[in-house]
Amino acid sequence: MKKMEWGPALETGIQEVDTQHKRIVNLVNQMQEARLNKDMETVASVITEMVDYTLSHFAFEEALMEEAGYRFLVPHRRVHELFAMKIPEFQARFEAGEDITEELHTMLVRWLYNHIRGDDQGYVESVQKFLHKNIVPSYEDHTQHAAVQEIQVHRPQGFFARLKHAFFSNRNHI
């Protein structure tokens with residue numbers, strides 16, 4: 001399977017969200033490269049980092065949508081939950097020694113493209129209006145970045161933080 005490419009179709013126009021999405025794309029590509037090099041130790045490390053980072057991203061994204069009053073937050077959150085529910089199966093299979101990376105890579109690429117271009121594009125207008133009106137009067141990128149970081153720091157831990165803790169708190173690898 002070829003490398004996942006970042007491009008304009010995946011951009012939301014919200015700098016911090018795009019930065020986080022790019023990091024997830026890079027992790028997907030790192031996993032695939034390690035797999036092709038038959039470096040299963042690196043595969044395990046990248047999968048662990050990808051899961052942790054993605055769950056953190058979901059929590060951040062949901063907090064941002066909640067702050068913006070996005071009316072479809074609940075169904076969007078449910079999409080995240082359904083995705084997160086797939087993780088334990090992959091985890092168990094990987095721990096049993098099965099090479100799940102090609103299947104995982106295919107699933108992640110499809111899911112990310114569809115989710116970012118579909119579900120995530122749905123909240124962009126609400127979040128941008130919120131940032132512009134309530135937090136970022138000048139709407140400069142560096143101020144926008146600081147504003148979304150402020151939201152992330154002050155939000156209480158939610159479902160994904162608890163989910164991450166439940167599945168990964170005592171694990172050395174996926």
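A cavity, as the word is used here, is a set of grid points where a 1.4 Å probe fits but cannot get out. In this predicted model, a search of the whole structure finds two such cavities of 30 Å³ or more. The points below take up the nonpolar cores, then the two cavities, and finally helix H3.

**Nonpolar cores**
- The largest nonpolar core holds 30 residues, and among these Met 31, Ile 47, Leu 104 and Leu 108 touch the most other members.
- Two or more residues of this core come from each of helix H1 (15-36), helix H2 (40-68), helix H3 (73-85), helix H4 (87-95) and helix H5 (101-135), and the largest share, nine residues, is given by H2.
- Separate from this core is a second one of twelve residues, which includes Ile 14, Val 17, Leu 64 and Leu 131.

**The largest cavity**
- The largest cavity has a volume of about 160 Å³, and of the 16 residues that line this cavity, Val 51, Phe 83, Ile 87, Leu 104 and Leu 108 are the closest to its centre.
- Leu 104 and Leu 108 thus appear in the lining of the largest cavity and are also named in the largest nonpolar core.
- At least two lining residues are supplied by each of H2, H4 and H5, with the largest share, five residues, coming from H2.
- By residue class, the lining of the largest cavity divides into 14 nonpolar residues, two polar residues and no charged ones.

**The second largest cavity**
- The second largest cavity has a volume of about 40 Å³, and the residues that line it include His 21, His 57, Glu 61, His 80, Trp 111, His 115 and Asp 120.
- H1, H2 and H5 each supply at least two residues of this lining, and H5 gives the most, with five residues.
- The lining of the second largest cavity divides into five nonpolar, five polar and two charged residues.

**Helix H3**
- H3 has 13 residues, which at 1.5 Å a residue should span 18 Å, and this agrees with its end C-alpha atoms, which are 18 Å apart.
- Buried residues in H3 are Leu 73, His 76, His 80, Glu 81, Phe 83 and Ala 84; because they cover an arc of only 160 degrees around the axis, they lie on the same side of H3.
- Val 74 and Met 85, by contrast, are exposed on the other side of H3.
- Two of the buried residues of H3 also belong to cavity linings, since Phe 83 is among the residues closest to the centre of the largest cavity, while His 80 is one of those lining the second largest cavity.

Terms used:
Residues numbered from 1 in each chain as written. Predicted model: local features only at pLDDT ≥ 70, side-chain atom pairs only at ≥ 80, totals over all residues. Heavy atoms only, no water. Core = buried A, V, L, I, M, F, W, Y, C linked by side-chain atoms within 4.5 Å. Buried < 20%, exposed > 50% of the residue type's maximum accessible area, 1.4 Å probe, protein only. Helix = DSSP H or I, 4+ residues; strand = E, 2+ residues; numbered from the N terminus. 1 Å grid on protein atoms, 1.4 Å probe; cavity = no way out; pocket = protein on both sides within 12 Å on 5 of 7 lines; lining within 4 Å. Points joined across faces, edges and corners; volume = space filled by probe spheres on them. Nonpolar A, V, L, I, M, F, W, Y, C, P; charged D, E, K, R; others polar. Expected span 1.5 Å × (residues − 1). Arc of directions from axis to C-beta.
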